[in-house]
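Trainee: Could you take me closely through one part of this model, the small open sheet, and then relate it to its surroundings?

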Amino acid sequence: MKKISKHIIIIGGGPAGLMAAHQLLAFGHKVALYEAKPSLARKFQLAGRGGLNLTHSEDLDVFANKYYENSSFFTPLLNDFTPQDLREFCHALGQDTFVGSSGRVFPTKFKATELLRQWITKLNANGLQIYTRHRWLGFDNNNNLLISNDRGKVDTTPYDAAVFALGGASWPRMGSDGSWVEIFAEKNVDITPLRAANCGFETNWPARISSKFFGQPLKNISISLDTKYVKGEIMLSDYGLEGGAIYALSKTIRAVSYTHLTLPTKRIV
Ligand SMILES: Cc1cc2nc3c(=O)[nH]c(=O)nc-3n(C[C@H](O)[C@H](O)[C@H](O)COP(=O)(O)OP(=O)(O)OC[C@H]3O[C@@H](n4cnc5c(N)ncnc54)[C@H](O)[C@@H]3O)c2cc1C
């Protein structure tokens with residue numbers, strides 16, 4: 001059967017938009033990507049400053065359940081593109097990876113910059129058209145995309161299909177500010193409300209917890225809430241708790257609205 005090449009627009013140049021472009025180009029489509037910021041994947045680069053935990057080496061079932069328990073939606077997606085596939089994707093871009101003592105997977109260089117540079121080079125070579133400083137503003141009455149260009153001029157852009165890879169609402173100065181919620185709500189699209197995840201939590205420390213403990217890690221501990229149990233490391237700070245183990249439990253904490261922990265305002269990832 002003859003392949004039909006479509007003109008596809010991607011809005012948002014974070015890792016999700018770049019990966020969508022990568023796949024669509026491989027299918028032979030003509031792809032243009034629009035990013036509001038002057039450069040691509042700013043949040044991804046920020047993540048790289050912390051070492052960039054790419055994925056985890058644990059069994060796929062365990063890994064999948066950490067996100068959505070017994071999900072008929074998520075698990076097949078993960079089976080289609082496994083953590084090992086992600087590692088091989090990075091290797092093909094010339095970036096080695098390794099498994100740390102916690103089982104987490106990192107680029108050997110502990111950075112996002114080089115991985116990103118190689119990725120963009122490859123996308124350019126495969127024909128991706130990239131427009132930075134171009135902000136998608138919404139739709140006109142005919143459902144055309146309204147995009148404001150780098151000089152502030154708004155044009156309607158023709159397309160066969162569009163992919164919206166607009167990110168969440170945390171760290172808005174990196175580009176994703178959640179303003180898309182209103183645009184889609186006006187179109188009566190069902191939206192799962194944005195909520196903080198993978199984050200630290202604030203607490204009012206009792207007087208006996210002295211400030212000399214703040215900034216200190218508690219290593220090799222386990223914490224639990226309800227039926228969830230996590231082993232790892234946490235860090236005490238003047239405002240509450242940070243660290244891998246508390247991030248892993250953050251979805252459960254949020255769900256049970258634990259009385260002496262309040263919703264996070266710091267380091268929401
Ligand atoms: C401090 C920190 C550490 C992190 N560490 C890790 C880690 O170790 N491992 C990990 O896997 N993840 C980590 N993350 C999370 C990771 O960065 C995000 O999950 C990832 O960037 C999400 O990718 P995305 O493409 O969905 O969204 P984003 O990266 O948010 O990209 C969305 C893009 O869309 C653009 N955009 C939004 N609206 C418009 C519009 N209207 N028009 C045009 N463009 C628009 C934005 O400018 C942005 O570039 C970390 C995040 C932070 C903040």
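Mentor: A good place to begin is a single bridge, in which Leu146 has Thr156 of strand 9 as its partner; strands here are DSSP E runs of at least two residues and helices are H or I runs of at least four, both numbered from the N terminus. This is a predicted model, in which local features need pLDDT of at least 70 and side-chain atom pairs count only at pLDDT 80 or more, while totals for chains, interfaces and linings use all residues. Residues are numbered from 1 along each chain as its sequence is written. Strand 8 (residues 145-148) and strand 9 are joined by four bridges in the antiparallel sense, where pairing requires that DSSP find at least two bridges between two strands. The open sheet to which they belong has three strands in the order 7-8-9, paired antiparallel, and its edges are strand 7 and strand 9 (154-157), each of which pairs on one side only. On average, neighbouring strands of this sheet are turned by 35 degrees against each other, direction ignored, with axes being lines fitted to C-alpha atoms and angles between N-to-C directions running from 0 to 180 degrees.

From the sheet we can turn to the ligand, since strand 7 (135-139), helix 1 (15-26) and helix 2 (42-49) each supply at least two residues of the shell around it. Helix 2 gives the most to that shell, with five residues. Of the 29 residues around the ligand, those that come nearest are Gly12, Gly14, Gly167, Gly175 and Ser176, a residue being near if its C-beta atom, placed from the backbone, lies within 6 Å of the molecule.
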